[in-house]
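Hi,

Here is the structure we talked about handing over. Please load it first, then read the notes below.

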Amino acid sequence: MRNVVLMGPPGSGKGTQASRLSESFGLEHVSTGEILRAAVRGHSELGLKVESILAAGELVPDDLMMVLIRETLATVSVGGAGWLLDGFPRTKPQAEGLVEVLEDLGIEAPTVVEIVVPDEEIVERLSGRLTCDKASHVTAKGDAKEGDPCPECDGALYIRADDTPETVRNRLNVFRAKTEPAKAELARNWPVVQVNGLGRPADVTQRIAGVLEAEH
Ligand code: AMP
């Protein structure tokens, strides 16, 4: 089994890379943001709890996230080629929780990859993107407008409630305050490989694929 944790700030291309890599390596793509957005769309109990948190670019409480991730990883770790975690852990307690969950499930250390992108580039990318409502494919605002069909599937493009410039800045602050310590905690337990996230998406995929292949 090949298990991967993909880290990186919002707008680092993490979601795009996660989709591409999970497809080419046959991994289960576990995106906590996508699971939460689907819950909001479906008006489930979880969705109602987290809707305003997501819209503000804040983090969903750790206890809720730990229940979600424990259940999800227990399911996707049975059979299959492995999984790729996108958007988790986001805090130090989540990182500690992840180490514990994997121990409980008898899963060996995952490959941790961090996509590195400078802040200025991130704000520019996030305030200029459209997301599809079906599979979270990303399109630049210059290439399409809200309501257009997704170029990659039969979804429709929309602007995520947390992609406004103000929320983007908040998400970056949250990232620095909360998610940097999560990365440090993972690095205390497992090696973290840094990959340059600048350039064409296909080139970044190549770089990360090279890391995953070297690990196996
Ligand atoms: P993402 O699609 O990964 O950018 O996540 C979108 C939003 O979902 C985040 O801004 C948070 O509000 C929430 N979220 C996703 N993953 C987590 C997590 N591991 N912990 C807390 N909140 C999360």
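The shell around the ligand divides into six charged, six nonpolar and four polar residues. That makes 16 residues around the ligand in this predicted model. Thr32, Arg37, Glu58, Gly87 and Gln94 are the closest. Helix α2, residues 32-41, gives the largest share of the shell, with four residues.

Now the polar contacts. Thr32 uses its side chain: a polar atom there lies 2.8 Å from a nitrogen atom of the ligand. Glu58 and Gly87 use the backbone instead. For Glu58, a backbone N or O atom lies 2.5 Å from an oxygen atom of the ligand. For Gly87, a backbone N or O atom lies 2.9 Å from a ligand nitrogen atom. How much of the ligand's accessible area does the protein cover? On its own the ligand has 480 Å², and the protein covers 95% of that.

Next, the sheet. It is open and has five strands, in the order β2-β3-β1-β4-β8, with parallel pairing. β2 (28-31) and β8 (192-196) are the edge strands, each pairing on one side only. Neighbouring strands are turned by 25° against each other on average, direction ignored.

At the β8 edge, β4 (residues 111-116) runs parallel to β8, and five bridges join the two. Val112 stands opposite Val192 in β8.

Helix α4, residues 62-76, packs on the sheet. This helix touches β2 and β3 (83-86). The direction of α4 makes about 175° with that of β2.

Best regards

Notes
Residues are numbered from 1 along each chain as its sequence is written. This is a predicted model: local features need pLDDT of at least 70, side-chain atom pairs count only at pLDDT 80 or more; totals for chains, interfaces and linings use all residues. Side-chain values use heavy atoms; hydrogens and water are left out. Two strands pair if DSSP finds at least two bridges between them. Axes are lines fitted to C-alpha atoms, for helices over the stretch in contact, and angles run from 0 to 180 degrees between N-to-C directions. Contact means heavy atoms within 4.5 Å. A residue is near a molecule or strand if one of its heavy atoms lies within 4 Å of it. A polar contact is a pair of N or O atoms within 3.5 Å; within protein, one must be able to donate a hydrogen and the other to accept it, and residues adjacent in sequence count only if both atoms are side-chain atoms. Accessible areas come from the Shrake-Rupley method with a 1.4 Å probe; for residues, only the protein chains shown count as cover. Ala, Val, Leu, Ile, Met, Phe, Trp, Tyr, Cys and Pro count as nonpolar, Asp, Glu, Lys and Arg as charged, and the others, Gly among them, as polar.
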